[in-house]
Amino acid sequence: MTGSEQRTDRRLEQTIRDLLERRGPTATICPSEAARAVYQGDGDGWRSLMEPARRAAQRLAEAGEVEITQGGRPVRPAEARGPIRIRRVR
């Protein structure tokens, strides 16, 4: 992993924390919100940050900082397939 990729990963993790902090205690966010906030450019280039954003959410979930949900229910990060949401740990 390059230094640039590591910096992007850390920015995605912090952006997920920041987005959740600005929302209500039961609110969720989509990884795309973090990808869009971190992406520095025009157009839909943020899409290239979707998988890194999902991985950042997985790391935060494994650290016990957030929960990953599907259909409103927590799922194990490694088992999440398809669209996910991220929320504070309840």
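This report walks through a predicted model of one protein chain, from its overall build to single residues.

## Overall build

The protein chain has three helices and four strands. Read from the N terminus, the order of elements is α-β-α-α-β-β-β. Helix α1 covers residues 3-21. Helix α2 covers residues 31-38. Helix α3 covers residues 50-62. Strand β2 takes in residues 66-70, and strand β4 takes in residues 85-88.

How does the radius of gyration fit a compact globule? For 90 residues, such a globule would have a value near 12 Å. The protein chain has 12 Å, so the two agree. Along the principal axes, the C-alpha atoms fill a box of roughly 35 × 25 × 20 Å.

Of the 90 residues, 36% count as buried. The chain also makes contacts across its sequence. Take the contacts between residues at least 6 apart in sequence: 45% of them join residues at least 24 apart.

## Surface and charge

The protein chain exposes about 5,600 Å². Carbon and sulfur atoms supply 46% of that area. There are 18 positive side chains and 13 negative ones. The centres of the two sets lie 4 Å apart.

## Salt bridges

How many salt bridges does a search of the whole structure find? The search finds nine. Three of these pairs are set out here.

| Pair | Closest N and O atoms | Place |
|---|---|---|
| Arg10 and Glu13 | 2.9 Å apart | both in helix α1 |
| Glu51 and Arg54 | 3.9 Å apart | both in helix α3 |
| Arg87 and Glu67 | 2.8 Å apart | strand β4 and strand β2 |

Start with helix α1. Arg10 and Glu13 are three residues apart there, about one turn of the helix. Glu13 counts as buried because its relative accessibility is 9%, and the cut-off for buried is under 20%. The pair also belongs to a wider group. Asp9, Arg10, Glu13 and Arg59 are linked in a network of salt bridges.

Helix α3 holds a pair with the matching spacing of three residues, about one turn of the helix: Glu51 and Arg54. Is each partner buried or partly exposed? Glu51 is partly exposed, with a relative accessible area of 46%. Arg54 counts as buried, at 14% relative accessibility.

The third pair joins two strands. Arg87 forms a salt bridge with Glu67. This pair links distant parts of the chain, with Arg87 in strand β4 and Glu67 in strand β2, 20 residues apart. Arg87 is buried, and Glu67 is buried too.

## Inside strand β2

Strand β2 also holds Thr69. Thr69 is buried, with a relative accessible area of 3%. Which residues does Thr69 touch, leaving out those up to four places away in sequence? They are Pro74, Val75, Ile84, Arg85 and Arg87. Arg87 is thus a contact of Thr69 as well as the salt-bridge partner of Glu67.

## Helix α2 and its surroundings

Val38 and Ala37 offer a contrast. Val38 lies in helix α2, and Ala37 is found there too. Val38 counts as buried, at 3% relative accessibility. Ala37 counts as partly exposed, at 49%.

Val38 has contacts beyond its sequence neighbours. Not counting residues up to four places away in sequence, Val38 touches Thr8, Arg11, Leu12, Thr15 and Leu49.

Distances between C-alpha atoms add to this picture. Val38 and Gln14 are 24 residues apart in sequence and 9.9 Å apart in space. Ala37 and Ile16 are 21 residues apart in sequence and 9.5 Å apart in space.

## A residue of helix α1

Asp18 lies in helix α1. Asp18 is partly exposed, with a relative accessible area of 33%. How far from Ile68 is Asp18 in space, C-alpha to C-alpha? The distance is 16 Å, with their places 50 residues apart in sequence.

## In brief

The predicted model has three helices and four strands. Its radius of gyration agrees with that of a compact globule. Salt bridges occur within helix α1, within helix α3 and between strands β4 and β2. Buried residues include Thr69 and Val38.

How values were computed
Residues are numbered from 1 along each chain as its sequence is written. This is a predicted model: local features need pLDDT of at least 70, side-chain atom pairs count only at pLDDT 80 or more; totals for chains, interfaces and linings use all residues. Side-chain values use heavy atoms; hydrogens and water are left out. Helices (H or I, at least four residues) and strands (E, at least two) are DSSP runs, numbered from the N terminus. The radius of gyration is taken over C-alpha atoms; the globule rule is 2.2 Å times the number of residues to the power 0.38. Buried means under 20% relative accessible area, exposed over 50%, partly exposed in between (1.4 Å probe, protein chains only). Contact means heavy atoms within 4.5 Å. Accessible areas come from the Shrake-Rupley method with a 1.4 Å probe; for residues, only the protein chains shown count as cover. Lys and Arg count as positive and Asp and Glu as negative; His and the chain ends are not counted. The place of a charge is taken as NZ of Lys, CZ of Arg, CG of Asp or CD of Glu. A salt bridge is a side-chain nitrogen of Lys or Arg within 4 Å of a carboxyl oxygen of Asp or Glu.
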